[in-house]
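Reader: Hi! I work at the bench and would love a close look at one part of this protein. Could you walk me through the largest pocket and the elements around it?

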Amino acid sequence: MNENIINTILLAGLFLALFAFAELLHHKFKVKAELTRKTVHLGTGLLTLLFPLWLNNHWFVLALCSSFLLILLFSLQFNLLPSINGVNRKTRGSILFPIIVYGCFLVYNQYESLIYFYIPILILAICDPIAALVGKKFQIGKYKILGHTKTLIGSAAFCVSAFVVTAISMSLLSQVIINEILLFSFIIALLTTIAEAISQKGYDNFTIPVTAIVLLIFFIN
């Protein structure tokens, strides 16, 4: 119990340091909010990978996720944390992130396998920012879906990176044979890419990991 408490405090400190770093980049070095938001998105995703290693009780994960959800809600209400909230579009992504992290942790607890936590979180933390940055940089193959614009190159970047992340994770964390790993990784990459493409206003922070979890449960169990 004492170790859980200490690690919870350490994790909270790391998350707050990440938020402070993003604010420093935004205010001091004039880094645009879109980029600092992506930095926080990636950083928080990678930090949450410590949850299964440092915390063995979901209540501590709930305490962390609830605390940061309240901080984010407070910041939205009072126009704080512009490095996260100062984007020119309506998005619920930052609010959904701590909720889905706790949900993934519960699934991990249920099945007692890191694969159910690491794959959805890694796809969300790594592939989503890659798709956004590549799509915005090159803007090749613009298409509209459900009223909002995406790019084929951004979706391709998401799909390829999701395939790589899933294949490596399954190779390290499961006993699945290589042929099945490649097939499962392709299906997960394709369907999470579709989930990302059709989601609006930050709801891909929910649809991407949920899609990955459902597919993993279907494939592995």
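Author: Happy to; here is the pocket, followed by a helix pair and a hairpin that take part in its surroundings.

Please keep in mind that this is a predicted model. The largest pocket holds about 1,300 Å³ of space. Its lining is made up of 49 residues, and those nearest the centre of the pocket are Glu34, Lys38, Arg89, Ala132 and Asp204. Sorted by class, the lining has 18 nonpolar, 18 polar and 13 charged residues.

Where do these residues come from? Elements that each supply at least two residues of the lining include the helices α1 (2–27), α4 (58–77), α7 (115–138), α8 (152–173) and α10 (204–220). Helices α2 and α6 and strand β2 (148–151) each supply at least two as well. The largest share, eight residues, comes from α2.

Let's stay with α2 for a moment. Helix α2 spans residues 33–48 and helix α6 spans residues 93–111; their axes come within 12 Å and cross at roughly 5°. Angles under 35 degrees count as roughly parallel, and α2 and α6 are therefore roughly parallel to each other. On the α2 side of the contact you will find Arg37, His41, Thr44, Gly45 and Thr48, which meet Gly93, Ser94, Phe97 and Val101 in α6. The residues of this contact divide into two nonpolar, six polar and one charged.

Now for β2, the strand in the pocket lining. Strand β1 (residues 142–145) pairs with β2 in the antiparallel sense over four bridges. Lys142 has Thr151 in β2 as its bridge partner, while Ile145 stands opposite His148 in β2. Together β1 and β2 form a hairpin with two residues between them, and Leu146 in the turn has a positive phi of about 55°.

Note on methods:
Residues numbered from 1 in each chain as written. Predicted model: local features only at pLDDT ≥ 70, side-chain atom pairs only at ≥ 80, totals over all residues. Heavy atoms only, no water. Axes fitted to C-alpha atoms, helices over the stretch in contact; angles between N-to-C directions. Parallel < 35°, antiparallel > 145°, perpendicular 65-115°, else oblique. Contact = heavy atoms within 4.5 Å. Nonpolar A, V, L, I, M, F, W, Y, C, P; charged D, E, K, R; others polar. 1 Å grid on protein atoms, 1.4 Å probe; cavity = no way out; pocket = protein on both sides within 12 Å on 5 of 7 lines; lining within 4 Å. Points joined across faces, edges and corners; volume = space filled by probe spheres on them. Pairing = 2+ DSSP bridges.
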